[in-house]
Amino acid sequence: MQPFDDTYFMKKALQEAEMAFDKGEIPVGAVIVIDNRIIARGHNLTETLNDVTAHAEMQAITAASNFLGGKYLQNCTLYVTLEPCQMCAGALYWSQISNIVYGARDEQRGCLNLKTKLHPKTIIKGGVLEEEASILLKRFFIERRNLN
């Protein structure tokens with residue numbers, strides 16, 4: 001195993017998801033990588049910021065663009081613990097990101113079932129640490145139901 005592979009970076013995204021979980025946010029985390037270097041991190045902040053657009057991917061896209069000094073994320077890979085939604089996939093389309101690697105599928109709201117177009121040059125790959133990402137999401141919703 002290489003030190004910097006999809007599993008390594010997805011574990012970093014899972015750490016972001018844990019931070020969201022600890023804040024009472026739906027536990028989705030993301031990191032953006034270029035040349036085996038994390039240039040941006042993000043996790044859901046929709047409740048904290050009272051903003052429906054404050055998804056993990058959106059936070060990471062903004063941070064990566066600021067880091068790179070431009071709006072295009074060519075040669076970058078997004079690692080995200082949950083398949084991007086339609087909104088995030090649209091932003092990723094416009095960013096021209098090269099690769100998207102996600103953990104768990106989102107059968108209801110994910111970009112694949114909704115047939116959201118990604119940039120023609122974007123490669124998407126799923127199922128990396130899928131079980132870990134799914135368990136964290138399920139734990140969050142179980143705990144949330146028990147609080148109500």
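Visitor: I'm looking at helix H5. By how much of the helix are Arg139 and Glu143 separated?

Guide: By about one helical turn, because Arg139 and Glu143 are four residues apart in helix H5. Keep in mind that this is a predicted model.

Visitor: What do Arg139 and Glu143 form with each other?

Guide: Start with the general idea: side chains of opposite charge can pair when their charged atoms come close. Here, Arg139 and Glu143 form a salt bridge, and their closest N and O atoms are 3.7 Å apart.

Visitor: Are those two buried or exposed, or in between?

Guide: In between. Arg139 has 34% relative accessibility, so it counts as partly exposed. Glu143 comes out at 39%, so it is partly exposed as well.

Visitor: How many salt bridges does a search of the whole structure find?

Guide: Four. One of them joins Arg105 to Glu83, with 2.7 Å between the closest N and O atoms. Arg105 sits in the loop between S4 and strand S5 (123-125), while Glu83 is in the loop between S3 and H4, so this pair ties together parts that are 22 residues apart in sequence.

Visitor: How do I read the surroundings of that pair? Which partner is buried?

Guide: Glu83 is, since its relative accessible area is 2% and buried means under 20%. Arg105, at 31% relative accessibility, counts as partly exposed.

Visitor: Which other residue forms a salt bridge with Arg105?

Guide: Glu107, where the closest N and O atoms are 4.0 Å apart. Put the pieces together and you get a network of salt bridges linking Glu83, Arg105 and Glu107.

Visitor: Let's leave the charges. Which residues touch the most other members of the largest nonpolar core?

Guide: General idea again: in soluble globular proteins, nonpolar side chains tend to be buried together. In this model the largest such core has 35 residues, and Ile32, Leu78 and Tyr79 touch the most other members. Several elements supply at least two residues each, among them helix H1 (6-22), strand S2 (37-43), helix H3 (56-68) and helix H5 (130-147). The largest share, five residues, comes from S1.

Visitor: What is Tyr79 in contact with, leaving aside its neighbours within four places in sequence?

Guide: Its contacts include Asp6, Phe9, Met10 and Ala13. Tyr79 also contacts Gly29, Ala30, Val31 and Val33, and Val101 is on the list too. Try picking those out around Tyr79 in the structure above.

Note on methods:
Residues numbered from 1 in each chain as written. Predicted model: local features only at pLDDT ≥ 70, side-chain atom pairs only at ≥ 80, totals over all residues. Heavy atoms only, no water. Core = buried A, V, L, I, M, F, W, Y, C linked by side-chain atoms within 4.5 Å. Buried < 20%, exposed > 50% of the residue type's maximum accessible area, 1.4 Å probe, protein only. Contact = heavy atoms within 4.5 Å. Salt bridge = Lys/Arg side-chain N within 4 Å of Asp/Glu carboxyl O.
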